[in-house]
Amino acid sequence: MTLYPAPPALFPFLTAPSSPIDMIPTVRDPTGRGSRAWEILSRLTITEGESAGQPIGQNPPPWQPLFTRLVFGHTDQAGRRVLREIFVSIGKKNGKTTFASAIALTKLLLEEEQRDYVVLLAANRPQARISFDTMVSMIRADAELARRFEIVDHRHTIRYPKTSSRATAISADMASLVGFNPALAIVDELHLLGATPKGAKLINQIRTGSVARREPMLLSISTAPTERSEGVFEATMAKAKRVIAGEEIDHRFFAWLCSIPDGLDPTDPENWGWANPSLDYTVTLERLIANRASAESDPAALRAFDSQNLNILPDTSAGEGRWISTGEWDELADDTITLEALIDEAEQVYVGIDAGGLDDLSAVFVLGRAGDTYLGWSHQWLSRRGYEKRRRTNDYDGFIAAGHLTLFDGGAADIDGIAEVVRLAGAQSKLKLIGIDSYGATGLAEALKDCGAEVVSVPQSWRLTPSITWTERKVADGTLRHSGSTALRWNMQNAIVTRHGNAVSISKATVVGPGKIDGLAAMLTAIAALLAAPDGAGGLDSFLASPVFVGGAADDAGPQRHVVTPDWARSR
């Protein structure tokens, strides 16, 4: 076996990049596979736009040859491709669909193995059809390729008889999980595909199930979502940021995030090239400026422009259906706020709890009042069963590594952990009130009976309007500082807001799905406890008299008292 030099690590960057092109490393390509791949891809014909009829290599955006050589030429000492997963986040109209189709055809034409199987995955049939039609048009534009390939239009399949290989464009709703074992899978718009339950399963199967392939690879190319980051997209983006920063070592993973760096003005067209590496090739600055100008009078259109053309994640701005933006929330993060520091600094302490089942998260939020400032600390728990169910969809590993999520194997370890937090919160006789979700309140209240404070059950949904409004105001004036929990930040990204007259409710996007808001529910419950306490921010009487807490059954009322305080706590 021929041995080659060991490949260098791609991350972290040794010098700060000055353009998106700098973020694609030039690899050694000891086997020459990268050069051969670009030689093939560069000869494929562009079939749409102003450059239709020209070969891709005649005047390509500079990133395309670099990227092609990286995909196929970054090899290990045995000559095998190193990368198993590549994630690209890029603005629209940068030629990503055309390039993805060209990569698929190049994989077949390299003739690396018999019975090769290449898949272009999309969230829906129209999107999948675009990818397929692009491949077909490239083949039909070249007489030699038309002779080599066989097109099966009704099956969205292209066959390469020489190696008994094929490429297929399929949508998530039509794909089968049985026998799904591609050598190369290219995902077009990961944020759309990964948001569907079946799409997420397909991506997870590709990541774990291509063991029969010598060099399996998953290539995901996506613009930013227009609504919210969630599911597989959010988990992949989070991992990409960790790998790029050197916080996680994974030599088989590469990410190219084309976005405007922090510190640069996203409204300045001079900075838009960061999100558009094909600027002046497939997209022009004049066109982008004109599109943004036409969107400025419509907040929804402007937000869509920012996400699609500037690749700005919607989570950084509050828009329709969203609550507090993560940008606003991050400004109030303070990693010096530990549980111990909060208890020491606060004059009064309140706790909110949201306890879930074994497939769900359990969360606690400790809220401290220090003069006119409020301090928040949170933690969450998850059973191993729940972890295994969604660990490839949600960034649980990142939350665990950050110390913001604890795994347990079953039983009531989460309740025990919450009880310990409450015990610590009450150790200095500052704990005033504990709020819990009214659902299952009796059992949780029993577990907290010796924790040093009275427990009240807090109704959820629109009945939390006072807590929601209070939070908005404290974030706006900068008086609610928090510990910067990554799990809680993720919960806030998953939240959507619904208004019913003067009342407001916060829920997750779908009743059943990977996005969770348990930490946020615990936070709002802690704030409800603060508002209900006689010497808190609102006062018990005013809180119970609030219109959204009056009338109806027990769950329609305000906080319901469940536990009598211990003797030592009554003496305060």
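**Note on the predicted model: sheet, aromatic pairs and Leu 480**

1. In strand 8, the residue that Phe 87 has as its bridge partner is Ala 255. The two strands concerned, strand 1 (residues 85–89) and strand 8, run parallel and are joined by 5 bridges. This, like everything below, is read from a predicted model, whose mean pLDDT is 85, with 86% of the residues reaching 70 or more. Residues 539–572 should be read with that in mind, since over this stretch the pLDDT is below 50, although the model gives the stretch 80 contacts beyond near neighbours in sequence.

2. The sheet to which these strands belong is open and consists of 8 strands in the order 3-4-5-2-6-7-1-8, with mixed pairing. Its edges are formed by strand 3 (150–152) and strand 8 (253–257), each of which pairs on one side only. Between neighbouring strands of this sheet the average turn is 15 degrees, with direction ignored.

3. Two helices can be placed against these strands. Helix 2 (residues 63–73) lies across strand 1, strand 7 (217–222) and strand 8, and runs at about 170 degrees to strand 8. Helix 4 (residues 125–140) packs on the sheet as well, where it touches strand 2 (117–122), strand 3, strand 4 (157–160), strand 5 (165–171) and strand 6 (184–188), and its direction makes about 150 degrees with that of strand 5.

4. The structure holds 14 aromatic pairs, and Phe 87 takes part in one of them. The ring centres of Phe 87 and Phe 233 are 5.9 Å apart and the ring planes stand at 80 degrees, so this pair is edge-to-face. Distant parts of the chain are linked in this way, because Phe 87 belongs to strand 1 while Phe 233 belongs to helix 8 (residues 231–245), and 146 residues separate them. Both Phe 87 and Phe 233 are buried.

5. A second pair of this kind is made by Tyr 374 and Trp 470, whose ring centres are 4.9 Å apart with planes at 85 degrees, so that it too is edge-to-face. Here the link runs between strand 11 (residues 373–383), which holds Tyr 374, and helix 17 (residues 465–476), which holds Trp 470, the two residues being 96 residues apart. Tyr 374 has 4% relative accessibility and therefore counts as buried, and Trp 470, at 10%, counts as buried as well.

6. Leu 480 has contacts with both members of that second pair. The residue is placed in strand 15 (residues 480–482), and its relative accessible area of 1% is why it is buried. Once neighbours within four places in sequence are left aside, Leu 480 is in contact with Trp 329, Leu 332, Leu 367, Tyr 374, Trp 470, Thr 471, Lys 474 and Val 475. Arg 369 is 111 residues from Leu 480 in sequence, yet the C-alpha to C-alpha distance between them is 9.4 Å.

7. Other aromatic residues deserve a look in the viewer. Trp 63, Phe 67, Phe 99 and Trp 256 form one aromatic cluster. Two charged side chains also lie over ring faces: Arg 166 over that of Tyr 117, at 3.9 Å from the ring centre, and Lys 239 over that of Phe 253, at 5.0 Å from the ring centre.

Conventions: Residues are numbered from 1 along each chain as its sequence is written. Side-chain values use heavy atoms; hydrogens and water are left out. Two strands pair if DSSP finds at least two bridges between them. Helices (H or I, at least four residues) and strands (E, at least two) are DSSP runs, numbered from the N terminus. Axes are lines fitted to C-alpha atoms, for helices over the stretch in contact, and angles run from 0 to 180 degrees between N-to-C directions. Contact means heavy atoms within 4.5 Å. Rings of Phe, Tyr and Trp (its six-membered ring) pair if their centres lie within 6.5 Å; planes under 30 degrees apart count as stacked, over 60 as edge-to-face and the rest as tilted. Buried means under 20% relative accessible area, exposed over 50%, partly exposed in between (1.4 Å probe, protein chains only). A charge sits over a ring if NZ of Lys or CZ of Arg is within 6 Å of the ring centre and within 35 degrees of the ring normal. pLDDT is the predictor's confidence in each residue, from 0 to 100.
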